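Got a structure in front of you and wondering what the labels on it rest on? Let's go through them one by one.

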Amino acid sequence: YEIMPSLVGSEMCIRDSAYAVAMSLNNCYQYSMAIPWFEKTVELDPYDIYARGKLAYIYQQLEMYDKSTETVKDLLDRIADEEVDLRDELYCILADNYYFDGKVEEAITWLERVLQESKNEDLISYTKDMMKKWKNI
């Protein structure tokens, strides 16, 4: 993963403002309106992994599965090994994207990654249940 350069004064203020607007819209489920604000946040701070993660989730909610998958895969290349919770979330987003796109085998592959790498017992239990359901489709 890459070392993050620091933003200076006005860039940081603009980024923080864009992120605040994006989160407000996100919290009101105004996903399509939040996208340009999250994109602006990422443009100003390409290392903001949380804004990228929100974008991936929003793209999924708007059934933009290819865009969500692209965003997640890019983000997986950027995050540190210590970001285990985010990595778990991203694997689940990928699994759901493939499932909703009718690619059940690919979806199960990402659920298997959760089982291999996650330390979250609740998520592991949920993932096992989902795999059973998806394998019966």
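## Rings, cores and caps

Q: Which residues form one aromatic cluster?
A: Y65, Y99, F100 and W134 form that cluster. Rings of Phe, Tyr and Trp (its six-membered ring) pair if their centres lie within 6.5 Å; planes under 30 degrees apart count as stacked, over 60 as edge-to-face and the rest as tilted. A search of the whole structure turns up seven aromatic pairs.

Q: What kind of model is this, and how are its residues numbered?
A: The model is predicted, so local features need pLDDT of at least 70 and side-chain atom pairs count only at pLDDT 80 or more, while totals for chains, interfaces and linings use all residues. Residues are numbered from 1 along each chain as its sequence is written, and side-chain values use heavy atoms, with hydrogens and water left out.

Q: Why is the pair of Y19 and F38 called edge-to-face?
A: The ring centres of Y19 and F38 are 6.0 Å apart, and the planes meet at 80°. Edge-to-face asks for planes over 60 degrees apart, so the name fits. The pair links distant parts of the chain, with Y19 in helix α1 (residues 9-27) and F38 in helix α2 (residues 31-44), 19 residues apart. Helices here are DSSP runs (H or I, at least four residues), numbered from the N terminus.

Q: Buried or exposed: how do you know which word suits F38?
A: Buried means under 20% relative accessible area, exposed over 50%, partly exposed in between (1.4 Å probe, protein chains only). F38 has 0%, so F38 is buried. Its partner Y19 has 25%, so Y19 counts as partly exposed.

Q: What makes the pair of Y91 and W110 tilted?
A: Their ring centres are 5.5 Å apart and their planes are at 40°, so the pair is neither stacked nor edge-to-face, and tilted is what remains. This pair also links distant parts of the chain: Y91 is in helix α5 and W110 in helix α6, 19 residues apart. Y91 has 1% relative accessibility and counts as buried; W110, at 10%, is buried too.

Q: What makes a set of residues a nonpolar core, and how many residues has the largest?
A: A nonpolar core is a set of buried Ala, Val, Leu, Ile, Met, Phe, Trp, Tyr and Cys residues joined through side-chain atoms within 4.5 Å. The largest here has 24 residues, and those with the most contacts inside it are V72, L76, I79, L90, W110 and W134. Helices α3 (49-61), α4 (65-78), α5 (84-100), α6 (104-117) and α7 (121-135) each supply at least two residues of this core. The largest share, eight residues, comes from α5. Apart from this core lies another, of twelve residues, among them A22, I35, F38 and L55.

Q: How do you know that the length of α3 agrees with its number of residues?
A: The expected span of a helix is 1.5 Å times one less than its number of residues. For the 13 residues of α3 that gives 18 Å, and the end C-alpha atoms are 19 Å apart, which agrees. Among the buried residues of α3 are I49, L55 and Y59.

Q: Why is D48 said to cap α3, and at which end?
A: D48 caps the N-terminal end: a side-chain oxygen lies 3.1 Å from the backbone nitrogen of Y50. A polar contact is a pair of N or O atoms within 3.5 Å; within protein, one must be able to donate a hydrogen and the other to accept it, and residues adjacent in sequence count only if both atoms are side-chain atoms. At 3.1 Å, the D48 and Y50 atoms lie within that limit. D48 is in the loop between α2 and α3 and, at 12% relative accessibility, counts as buried. Leaving aside neighbours within four places in sequence, D48 is in contact (heavy atoms within 4.5 Å) with R15, Y19 and T41.

Q: What makes the phi of E63 worth a look?
A: Most residues other than glycine have a negative phi. E63 is not a glycine, yet its phi is positive, about 60°. E63 lies in the loop between α3 and α4 and is exposed, at 59%.
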